[in-house]
Amino acid sequence: MLKTEPLTPLEDSLRARLGPHGTVETRIEPMPVRILFIGDIVGKPGRVMLTKALPALIAKWDLHLVIANAENAAGGSGLNAHCFDEIKRAGVDVFTMGDHV
């Protein structure tokens, strides 16, 4: 007499997805990636605007990545640690630079 044991949840899940030739079919659904690129942040006015607007934009658009050019963030020329921290706290993930750094 042949005894069959119950399938584990994993085996049951795989069995439900078996294709016509006994292979497991997997479906990869495309996932949108929302990226915001911000141009030049210039001095304190640029940082103030960024800290006021960016958190709301991130929430509204469900942004996954924020990239900003920060080469002029400190007084219109360069980037210092204070400005970097301020911009990072606002939600910028990646900083780009130019010839002022």
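A polar contact is a pair of N or O atoms within 3.5 Å; within protein, one of the two must be able to donate a hydrogen and the other to accept it, and residues adjacent in sequence count only if both atoms are side-chain atoms. One such contact, of 2.6 Å, joins the side chains of asparagine 72 and aspartate 40. Asparagine 72 sits in the loop between β2 (65–69) and α3. With a relative accessible area of 7%, asparagine 72 is buried (buried means under 20% relative accessible area, exposed over 50%, and partly exposed in between, using a 1.4 Å probe and protein chains only).

A word on where the values come from. The model is predicted, so local features need pLDDT of at least 70 and side-chain atom pairs count only at pLDDT 80 or more, while totals for chains, interfaces and linings use all residues. Residues are numbered from 1 along each chain as its sequence is written, and side-chain values use heavy atoms, with hydrogens and water left out.

Now for the overall layout. The chain has 3 helices and 3 strands (helices are DSSP runs of H or I with at least four residues, strands are runs of E with at least two, and both are numbered from the N terminus). Read from the N terminus on, these elements follow the pattern α-β-α-β-α-β. Of the 101 residues in the chain, 25% are buried. Contacts, meaning heavy atoms within 4.5 Å, often link distant parts of the sequence: among those with a separation of 6 or more, 67% are between residues 24 or more positions apart.

Next comes the sheet. The 3 strands make an open sheet in the order β1-β2-β3, with parallel pairing (two strands pair if DSSP finds at least two bridges between them). β1 (35–40) and β3 (94–96) are at the edges with a single partner strand each, so one side of each has no neighbour in the sheet. On average, and ignoring direction, neighbouring strands of this sheet are turned by 15° against each other. As for β2, 4 of its 5 residues are buried, so this strand is largely enclosed by the rest of the structure.

β1 and β2 are paired in the parallel sense over 5 bridges. Two of the residue pairs can be picked out here: phenylalanine 37 has isoleucine 67 of β2 as its bridge partner, and isoleucine 38 has alanine 68 of β2. Isoleucine 38 itself belongs to strand β1 and counts as partly exposed, at 23% relative accessibility. Setting aside neighbours within four places in sequence, isoleucine 38 is in contact with Leu50, Leu54, Val66, Ile67, Ala68 and Asn69. Isoleucine 38 and isoleucine 67 are 29 residues apart along the chain, yet their C-alpha atoms are separated by 6.1 Å.

Valine 92 has some of these residues as partners too. This valine is found in the loop between α3 and β3, and its relative accessible area of 0% makes it buried. Not counting residues up to four places away in sequence, valine 92 touches Leu50, Leu54, Val66, Ala68 and Ile87. The C-alpha atoms of valine 92 and isoleucine 38 are 9.1 Å apart, with the two positions 54 residues apart along the chain.

Then there are the helices. The axes of helix α2 (residues 43–61) and helix α3 (residues 81–90) come within 8 Å and cross at roughly 25° (axes are lines fitted to C-alpha atoms, for helices over the stretch in contact, and angles run from 0 to 180 degrees between N-to-C directions). That makes α2 roughly parallel to α3, as angles under 35 degrees count as roughly parallel, over 145 as roughly antiparallel, 65 to 115 as roughly perpendicular and the rest as oblique. On the α2 side, the contact is made by Arg47, Leu50, Thr51, Leu54, Pro55 and Ile58, and on the α3 side by Cys83, Glu86, Ile87 and Ala90.

Arginine 47, a residue of helix α2, is buried, with a relative accessible area of 9%. Beyond its neighbours within four places in sequence, arginine 47 is in contact with Ile41, Ala73, Ala74, Gly75, Cys83, Glu86 and Ile87.

One last residue is aspartate 62, in the loop between α2 and β2. Its phi is near 50°, a positive value in a residue other than glycine. Aspartate 62 counts as partly exposed, at 46% relative accessibility.
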